[in-house]
Amino acid sequence: MAIYSQTRSIKNCVQGKVYLKQHGKIPIPRLTERTKPQKSDLHLHHTLNMSNMNVLIYSGPGTTPACVNQCLETFRVLFTPYYSVSTVSEHILRDQPWEDKTAVIIIPGGADLPIVKEFREKINEKIKKYVQKGGKYIGICSGGYYGSGRCEFEVGTSMEVSGPRELKFFPGTCRGGVFRGFKYGSEAGARVADLKINTSLLPDQPNTVYGYVNGGGLFVDANKYPNVQTLAYYGDKLDVDYGADGKKAAVVLCKVSRGDALLFGPHLEFSPDLLKEDSEVPRFSQVIKSLAATNKQRIDFLRSSLKLLGLKVSDKVYERPKLSPLFLTSIDGSSATELVNLMEHEIGYHIQNIMDVGTDKFAINKSAASINTLENSSSHEDPNLAIKKIYLCDDKIPDPSMTPYFDLLSYKNHLVQFYQESEEHTISRGAVSNTFMYGEVVTSTSVLMDINYRLLPLLPDGFTIIGTVQVLGRGRSGNHWVNPRGVLPVSTLLRMPMNIVNNAPLVFVQYLSSMAYTRAILEYDVGYNKIPVRIKWPNDIYIRLPEYIGKEIDSRSKAVTHAKIGGVLVNTHAFDDQYYLIVGAGLNVNNEAPTTSINSVIKVMNEHEKSIDGSEFLEPLREEKLLARYNVIFHEMFEMFKKSGFSPFLQQYYKLWFHSNQIVTLANNNNIQAQICGITPDWGMLMARDLKTGTIYELQPDGNSFDMFKGLISSKR
C-alpha cells in the first residue's frame with residue numbers, strides 16, 4: 001500500500017492522514033477566485049475572554065519522549081480535575097494564541113540547544129510577556145537551564161553547552177550536571193539525589209525527599225537574588241562549583257513581574273512506575289527501587305511546590321485508570337458477529353486469541369462469560385502497548401455491573417426508538433451505531449480505528465466506538481490528554497465515494513457533527529431547546545456559564561460568559577475509491593471541572609425558572625439517550641449531505657453559531673475593519689466583508705484558529 005503525504009489543501013479540509021492504494025488520487029478542493037487565506041490575525045470586537053484552564057507541556061525539539069511522558073503522567077495526577085493537561089509543539093507556541101487560555105507552560109527535560117534554536121525571538125518573547133503579565137512557567141532539568149540567565153553544562157568536556165539565555169527568570173547561572181557520568185540517551189549517570197527541603201517555605205513537608213537526577217543543574221548563588229526563593233537544596237556532595245554562598249539550590253521559585261517561574265534541577269516529575277530496568281546499567285534497578293520506596297514524599301513535595309506557585313492542585317491520590325474490556329455488539333443482532341468472522345478470515349490470529357490489527361493487538365473473546373476470570377494486575381500499564389480485550393456480545397448484553405457508567409441496554413433501546421421515529425423508520429445495517437463497541441476506559445475512541453490499518457477497511461459503515469474515560473484522548477495539532485468520566489467521547493466511521501466530494505466536500509463533515517450534537521441537546525426532549533448552546537466556527541460547542549443564566553450580557557463585556565463543552569476532530573483515510581472518515585466527537589455532559597458541564601447549566605436553569613414562576617423542570621441529560629439522539633440525527637444529516645451537499649444545512653448552521661454580523665479587524669492588513677457574513681457553501685471558509693471596500697476575505701476552517709474568547713482569528717502555520 002502506498003501512503004501519500006497530504007497536500008496543504010486536503011489538510012485544510014480534514015485533519016489526519018490520507019492512506020491510498022497505489023495509483024489512488026486525491027481530489028484537491030477548488031478554491032474560489034476571491035479566496036485569500038489570511039496570514040494575519042483578525043481581532044473580534046464583540047467577544048469574550050476565557051479563563052486559564054490549560055496546562056501546556058512543550059513536546060518538540062529539545063525534549064525527549066521519556067521526559068514528556070513523565071510530565072504528562074505526573075502533572076495529570078496533580079492537576080486533575082482543575083486543568084486540561086496536553087502537549088504542544090513549537091509551532092503552536094509560535095503561531096497560536098495560547099497565552100490567555102493557559103494556566104502554566106512546562107518545559108520538560110532533554111537538551112537545551114535545540115530549544116534555543118526553536119524558541120529564539122518570537123517564542124521567547126511570547127513566553128516572557130505571558131509570565132510577566134501573570135502567567136506561570138515550570139522548567140525541569142534542561143527547562144530549568146533554559147529558564148535561567150546563563151546555562152553552564154558539562155563545561156570543559158566534549159558535551160559542553162554554555163552561554164546566556166533569553167528568558168532569565170532565574171537571573172543567575174544554572175550549572176551542571178551536578179553528578180559526573182551523564183550520557184545522552186543513557187541511564188549511566190542517573191542517580192537518586194538527597195534533597196533538603198526549605199521547611200520555612202514548605203512547613204508541611206519532611207526535611208528530606210528524594211528525586212531522580214540525570215544531567216540536572218544547580219542554581220548558583222540563588223540566595224543573593226531578591227526575586228528568588230529556594231525550595232530545596234541538594235544534600236549530596238556535587239561535582240560542580242556551588243558558587244560563592246556555598247549553597248546548593250536544587251529547586252527555586254522566581255517572581256517575574258506579576259508572574260512566577262518554578263525551576264527544577266532534578267527530575268521530581270519522574271515516576272518510578274514509568275522507569276524500566278536497563279541491562280547495560282545494572283545498578284539502575286536500585287535507582288528505581290529507591291524512588292519507589294519514597295514516591296509519596298516526592299508527590300507531596302511537588303503538590304506543595306505547585307500550590308506555592310499559585311496553582312490549584314488535587315489532594316486526592318489519582319492514578320491513570322487501566323484499560324477496561326471492550327464490549328462489541330450490534331442492534332440487528334448479527335453484524336458484530338459477522339465483523340469478528342471477517343476479522344478472523346482476513347487478519348487471523350497472531351497467537352492463541354490475539355489478533356494483530358496494525359498497531360494495536362486485540363484479544364478476541366466470543367463471549368463475555370469469561371470476563372470474571374481476567375486478572376486485575378496492579379503493575380503499571382502502558383496503554384499504547386497493552387493488549388485490548390474485546391468481548392463479543394451479540395447474543396446477550398453484559399450485566400450492568402460490568403458497565404456501571406453506561407447502560408448498554410438503555411442505549412440500544414433508545415437507538416431503536418429514535419431510528420423508528422426517523423424518516424427511515426428503521427435501523428439499516430450501515431446506519432450509524434448499528435454496530436458499536438463500548439469501553440469504560442479506552443486509549444481513544446478515534447485512535448482505536450485510526451492507527452489500525454488492517455482493521456479499518458473491515459469495519460462496517462457507521463461503526464461506532466464509545467468510551468467513558470480516554471487515557472490518550474487526541475485533539476487538533478496532535479495534543480493528547482486524559483478525559484475524565486462525564487466527558488462523553490464517541491467516534492464513528494463513515495465512508496464516502498471519492499467521486500462525490502466535489503458536491504459534498506469533506507470539510508463539512510465536522511460541521512455536520514457539531515450541528516448534530518448541538519441539535520441532540522436541544523431536541524433531547526420537550527423544553528431542552530432553551531439550553532444556551534451555540535457553535536463556535538467551525539465545530540466547537542459552547543454553553544453559557546451557570547453564573548450568567550438569566551442575566552443580560554453586554555456585547556462589549558470582556559467577562560467570561562461561555563465555556564467550551566464539545567468539539568469534533570475528523571481524520572480521513574482513503575482505500576481504493578472511497579474515503580474513510582473517522583469522526584471523533586466529545587461532549588462534557590457531567591464533568592464540572594475545569595469549566596462547566598451541560599447538566600451543571602441545566603441545574604441552574606431549573607433554579608432560575610423556579611425562582612420566577614415555578615415552571616418546567618428539566619431532568620439531567622442521560623448519556624445513553626443523548627448519544628442515541630446524536631447518532632440518529634448525524635446519520636440522517638450525513639445521508640442527505642452525500643446526496644445534496646451542505647446547502648440544505650447552511651441556514652440551520654447559522655441559527656446555531658455565534659458569529660452572525662460579528663465585526664473583525666485584519667490586524668496585519670492595515671487594520672482593515674470587516675464584518676463576518678457567513679461561510680462559503682463550497683468549502684466552508686469563513687467570509688468577512690471589508691466595511692469600506694466590500695472586498696470579501698475567506699479563511700480556511702483548518703487553516704485558521706478562531707479564538708473568540710480572546711477576540712481574534714489567527715492563521716495556523
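This report looks at a pair of helices, a short helix and one loop residue in a predicted model.

**Two crossing helices**

Helix H12, which covers residues 508–522, and helix H14, which covers residues 623–644, have axes that come within 8 Å and cross at roughly 140°. Angles over 145 degrees count as roughly antiparallel, and H12 and H14 are therefore oblique to each other. The crossing in which H12 passes H14 is right-handed. On the H12 side, the residues that make the contact include Phe508, Leu512, Met515 and Ile521, while H14 contributes, among others, Leu626, Tyr630, Phe634 and Phe641. The table sorts the residues of this contact by class.

| Class of residue in the H12 and H14 contact | Number of residues |
|---|---|
| nonpolar | 16 residues |
| polar | one residue |
| charged | two residues |

**A short helix with a buried face**

Helix H4 runs over residues 112–119, and within this helix Asp112, Ile115 and Phe119 are buried. When H4 is viewed down its axis, the buried residues fall within an arc of 60°, so they line one face of the helix. Just after H4 comes Glu121, which takes a positive phi of about 65°.

**A residue in a loop**

Arg283 belongs to the loop between strand E14 (259–264) and helix H7 (284–293). The relative accessible area of Arg283 is 42%, and because values between 20% and 50% count as partly exposed, Arg283 is described as partly exposed. Leaving aside residues up to four places away in sequence, Arg283 touches Glu187, Ala188, Gly189 and Ala190. Arg191 is 92 residues from Arg283 along the chain, yet the C-alpha atoms of these two residues are separated by 9.3 Å.

How values were computed: Residues numbered from 1 in each chain as written. Predicted model: local features only at pLDDT ≥ 70, side-chain atom pairs only at ≥ 80, totals over all residues. Heavy atoms only, no water. Axes fitted to C-alpha atoms, helices over the stretch in contact; angles between N-to-C directions. Helix = DSSP H or I, 4+ residues; strand = E, 2+ residues; numbered from the N terminus. Parallel < 35°, antiparallel > 145°, perpendicular 65-115°, else oblique. Left-handed = near helix turned anticlockwise from the far one by under 90°. Contact = heavy atoms within 4.5 Å. Nonpolar A, V, L, I, M, F, W, Y, C, P; charged D, E, K, R; others polar. Buried < 20%, exposed > 50% of the residue type's maximum accessible area, 1.4 Å probe, protein only. Arc of directions from axis to C-beta.
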